[in-house]
Amino acid sequence: MKDASPKAVMRSEYRPPAYLTETTRLTLDINDGSTEVTSRLQIRKRQSDEAAGPLLLDGQDLELVSVHVDGQELSGNEFQADADTLSIFSVPDACEVRIVTRIKPEQNTALEGLYKSGSMYCTQCEAEGFRKITYYQDRPDVLSKFTTTIIADAKTYPVMLSNGNPIEDTTVGARRSVTWEDPFPKPSYLFALVAGDLALMTDTFTTLNGRQVELRIYSEPHNIDQCEYAMGALKRAMRWDEEVFGREYDLDIFMIVAVEDFNMGAMENKGLNIFNTSCVLASPDTAIDAAYKRVEAIIGHEYFHNWSGNRVTCRDWFQLSLKEGFTVFRDAEFTSDMHSRTVKRIQDVAFLRSVQFAEDRGPLAHPVRPDSYIEISNFYTTTVYEKGAEVVRMLHRCVGAEGFRKGSDLYFERHDGQAVTTEDFVAAMEDANAVDLHQFRRWYQQAGTPVVKVTTFWRDDTFVLELQQSCPPTPQQTDKQPFHIPLELGLLTREGQELVDGALQIETSARVERRGSSLLVHCQDSAHRVVFKGLAHEPIVSMLRGFSAPVRVDFPRDAETLALLAVRDSDGFARWDALQSLLLAEIGKLQSGAAVSDLVVGLFADLLGHALTASDAEQQSLLREMLTLPTEDYLFEQFDVCSCGAGDVVDVDGLCDARATLKSTLAERLQPTWQALYEANAASGKYVPDATGMARRGLRNLAMSYLATTLSGDALRQFLLSHLEAADNLTDRLAALQEISYSDVFADRQSTLDAFYQRWQQESLVVNQWFTVQSASPVNDASALLALEKHPAFDLRNPNRVRALFGVFGLKNHRNFHASNGSGYEYLADKVIQIDGSNPQIAARLLTPLTRWRRYDVERQALMSKALNRISEREGLSKDVYELVSKSL
């Protein structure tokens, strides 16, 4: 690295703030080209001796105009300002600090702090963006009551919003001043401001205690008609949180603003949530079925943060999973209750195994509660969020639904208005349920994915289950202590009869609980033996029901047993999981030159038969998941050995080819049934984003994808164009467009893509999808993406466009990103370097696929590490990119 290495922040070095900021009064005077920010801070020392030292305030990219303490302007020798800090040397025990700064939001391309998106001003302050607005103790354990005044041109910015409730609104000449007051103390990362010419959708919600809350969703005028679904989702989330967690909303107004240029999905600022448009807008023509569910889930997630994140927040950023893991769990439960619990579980686990498991085994592996970071933005990871949610889910499983509610009630009661730690959360669960969770805390402390090795023995009437746990070494953590793993399992006869009942005899050193027809085995030692006696026949084990713990299971089983579980297991997740294991084994055989087995074809024939006769959306959705082959990134993470025997290495071309062979074989041998499924699920009315419609569209579009592999020439063209042109919604249109984009034999491929763009070019969300289907297409290599970059609709400053083109290429276009000549790696490295100077957060997120370079063959390793080294040699590299590259290399 050419620049001096940035210093890491260590969790062990945490110290409480020496000063409290009790109230914060902000005035932002917005003028085109420059905004003047005046802050009046009521400061009080924690202790009244000299040990407190100078008052240190964080600040970046600020022009300092003046500093006053108790009305007296300070001279140059009474304070010092450098690139990151304002130090005020002599501060009374209690005082008012007044600071005036100037900023240029129009030039803020990093989209942190106050910036301009189109014609509106907006903010993003988590994690450390507030320091780009004014000098402040920009840390989550400094909670202050905010009053914010916004001054701007009344005609240009008729909407001026901030946290809390409005208390004053005056206009003098062309300038308007609006003041908002938030009665709840909050850290600076939850501050929000929006000023623009926005359209408004309103509604009301009446809490269970009879209090009426005004609901507002703001967007640019041309998008406001796409906010209706989000409003309904918000009301469902508010009611659900009252009924399930007992949490009622606490302000008079709840606001959401949709923003085109936003680094993240959404932000839970107190009372004023700011959303990426992709996470709040939805209409039949602009959102696919999955996007409707995503909008509902993210609306819920950000709203739920009002308690799990805002009313109770993090002591420091190492505790990020305290709010994010808990809230991801809460939004997953919300989605499960609104839709299919089994399908939601399957989709979450597929994502976890594809993405988080890869993170756990790579150079960037870290515990759910990290020990250090250079740039905190790099730790908004699947480990902190999704694995953190799995840790909370295990707590829920260990203490039960009623016990978890008691624990969460105690947590909110104890810590309302405080900044706390994951330890405080676990302690509340312990105290509410009188349980010992000492060992369970290792899930927050240790990195890596545990492996549970399962061995079985059968003799006479006795069945023995041996369970051994281990966890591979990860950076800075070589030796791991045993985790507390709640392992849910069932025992079945070959006919599918459940054997777990009150009469089952069990002998084991492990703690075992009966949960309906399942057993919950608490694996807390390195090895356990569970003995079952009095059985007439050797049982079949249904392992890891409901994905009861985020572990890998090493449990070899023959194809016949897996096929039986896929059809007869009573646990929907376990059925899907057994099928995944069977398909992984089948793809492994195909890599070695074998043909697709009759067993797999027969199993798919049975599943298709069930799909044709299934009458309810729950079963149809589950069958759709089961009939969908594992994605390539799922295969890359689940396969440990390539066909060439090179060890723990991904065989990119071999796995892609084997998956394609399996799909085409299933399509050809079952073509009449796929055709019947396609026809049986034709649209029967107007598009409705409900469970029934989503299930039918899911099955029909899946059948279309299989059928397309059996066609060529005019037959393929007519089939896909007919599907595309008949569609009355984006779900169906995009399914056909993806098949067209992915096909190297579709004659009018480019002209069809161009025509689609011409029709939908005014809809930004649709254009994002148009870029995505092309960047993910195996037909398009890096040179094709260079051409797409020149398209007039592509904007390098817009994070959604960048993710759609560059991000998708690295994560989904495996054949071309991993091209043997290294062109894909060089292309992505070019983009990281290009974007790092303007938006380091987005640049760092693009890096992810390159950081996994050790997973590939020697030739690709050399090419990927070369690309990483080229990035590392750049002058002025951001902390965001520096941290990821240095750790990867």
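**Cavities and a helix pair**

Let me begin with the second largest cavity, whose lining is made up of N223, Q226, E260, T277, L281, E763, S764 and L765; a cavity here is a set of points, on a 1 Å grid over the protein atoms alone, where a 1.4 Å probe fits but cannot get out, and lining residues have an atom within 4 Å of a point. What we are looking at is a predicted model, in which local features need pLDDT of at least 70 and side-chain atom pairs count only at pLDDT 80 or more, while totals for chains, interfaces and linings use all residues. Residues are numbered from 1 along each chain as its sequence is written, and side-chain values use heavy atoms, with hydrogens and water left out.

This second largest cavity has a volume of about 40 Å³, a volume being the space filled by probe spheres set on the points, which are joined across faces, edges and corners.

The structure holds three cavities of 30 Å³ or more, and about 50 Å³ of space lies in the largest one. Lining that largest cavity are S542, M543, R557, L565, D569, A574, D577 and A578. Helix α9 gives the most to this lining, with three residues, where helices (H or I, at least four residues) are DSSP runs numbered from the N terminus.

Now to a pair of helices: V802, F806 and F809 in α21 meet G824, Y827, L828, K831 and I835 in α23, contact meaning heavy atoms within 4.5 Å.

Notes:
Helix = DSSP H or I, 4+ residues; strand = E, 2+ residues; numbered from the N terminus. 1 Å grid on protein atoms, 1.4 Å probe; cavity = no way out; pocket = protein on both sides within 12 Å on 5 of 7 lines; lining within 4 Å.
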